[in-house]
Amino acid sequence: VQLQASGGGLVQAGDSLRLSCVASGRTFNTYSWAWFRQAPGKKREFVAAITWDRYTYYGDPVKGRFTISRDSAKNTLSLQMNSLKPEDTAVYYCAGQLTGHYYYPEAYNYWGQGTQVTVSS
């Protein structure tokens, strides 16, 4: 499985962005997918996940502002980010896995290359 993330950019606080991640292969529906982020000098942080059976989970810092979704017809994972804050600035990574807890990056087998999101105040 190969993942290609896109959609990052430079925005102002309060703006919105939509990240996308296209997955290759025919296993999209059997995987659980997630977004993580990593700011300079910090550990990779869980952002959101959507399981193979479409349960969704969010990290506390983004609850109520971000929405994860998947389009199986297009093999695409998305992250709609609203009301962005400067603390959301990070490189965002999409990831996929077959088993394991959704929260831990170690559980994920496949990673996209990352897309930079910068939020100015």
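Mentor: Two residues are in contact when heavy atoms lie within 4.5 Å. In this predicted model, among contacts in the protein chain between residues at least 6 apart in sequence, 55% join residues at least 24 apart.

Trainee: What is the secondary structure of the protein chain?

Mentor: The chain has 11 strands and 0 helices. Read from the N terminus, the order is β-β-β-β-β-β-β-β-β-β-β.

Trainee: What makes the protein chain as compact as a globular protein of that length?

Mentor: Its radius of gyration is 13 Å, and the globule rule gives 14 Å for 121 residues; the two values are close, so the chain is called as compact as a globular protein of that length. Along the principal axes, the C-alpha atoms fill a box of roughly 40 × 25 × 25 Å. Of the 121 residues, 41% count as buried.

Trainee: How do you know that Cys21 and Cys94 form a disulfide?

Mentor: Their sulfur atoms are 2.1 Å apart, and the cut-off for a disulfide is 2.5 Å. The pair therefore qualifies. A search of the whole structure finds 1 disulfide.

Trainee: Why is the disulfide of Cys21 and Cys94 called right-handed?

Mentor: The torsion about the S-S bond is about 65 degrees, so the disulfide is right-handed. Cys21 belongs to strand β3 (residues 17–23) and Cys94 to strand β9 (residues 90–97), so the bond ties together parts that are 73 residues apart in sequence. Both Cys21 and Cys94 are buried.

Trainee: Why is Ala5 called buried?

Mentor: Buried means under 20% relative accessible area. Ala5 has 5%, so the term applies. Ala5 is found in strand β1 (residues 3–6). Leaving aside residues up to four places away in sequence, Ala5 touches Ser20, Cys21, Trp35, Cys94, Gln113 and Thr115. Both cysteines of the disulfide are thus among the contacts of Ala5.

Trainee: How far apart are Ala5 and Arg18 in sequence and in space?

Mentor: Ala5 and Arg18 are 13 residues apart in sequence, and their C-alpha atoms are 11 Å apart in space.

Trainee: What makes the aromatic pair of Phe28 and Trp33 stacked?

Mentor: The structure holds 12 aromatic pairs. In the pair of Phe28 and Trp33, the distance is 5.0 Å centre to centre and the angle between the planes is 25 degrees. Rings pair if their centres lie within 6.5 Å, and planes under 30 degrees apart count as stacked. Both conditions hold, so the pair is stacked. Phe28 is buried at a relative accessible area of 3%, and Trp33 is buried at 1%.

Trainee: How do you know that the pair of Tyr31 and Trp33 is stacked?

Mentor: The ring centres of Tyr31 and Trp33 are 5.5 Å apart and the planes are at 25 degrees, so the pair is stacked. Tyr31 counts as buried at 6% relative accessibility.

Trainee: Which residues do ring pairs link into a cluster?

Mentor: The cluster consists of Phe36, Phe46, Tyr57, Tyr93, Tyr102, Tyr103, Tyr104, Tyr108 and Trp111.

Trainee: How do you know that Arg44 lies over the face of Tyr93?

Mentor: Arg44 lies at 3.9 Å from the ring centre of Tyr93. The distance cut-off is 6 Å, and CZ of Arg must also be within 35 degrees of the ring normal. Arg44 lies over the face of Trp111 as well, at 4.7 Å from the ring centre.

Trainee: Why is Thr51 called buried, although it lies in a loop?

Mentor: Thr51 has 12% relative accessibility, and the limit for buried is 20%. The loop runs between β5 (45–50) and β6 (56–58). Thr51 touches Tyr31, Ser32, Tyr57 and Arg70, not counting residues up to four places away in sequence.

Trainee: Where do the side chains of strand β7 point?

Mentor: In β7 (residues 66–71), Phe66, Ile68 and Arg70 point to one face and are buried, while Thr67, Ser69 and Asp71 point to the other and are not. In a regular strand the side chains alternate between the two faces of the sheet.

Trainee: How do you know that β7 and strand β8 pair?

Mentor: At least two bridges are required, and β7 and β8 (residues 76–81) have 6, in the antiparallel sense. Thr67 stands opposite Gln80 in β8. The two strands form a hairpin with 4 residues between them, and Asn75 in the turn has a positive phi of about 50 degrees.

Methods: Residues are numbered from 1 along each chain as its sequence is written. This is a predicted model: local features need pLDDT of at least 70, side-chain atom pairs count only at pLDDT 80 or more; totals for chains, interfaces and linings use all residues. Side-chain values use heavy atoms; hydrogens and water are left out. Buried means under 20% relative accessible area, exposed over 50%, partly exposed in between (1.4 Å probe, protein chains only). Rings of Phe, Tyr and Trp (its six-membered ring) pair if their centres lie within 6.5 Å; planes under 30 degrees apart count as stacked, over 60 as edge-to-face and the rest as tilted. The radius of gyration is taken over C-alpha atoms; the globule rule is 2.2 Å times the number of residues to the power 0.38.
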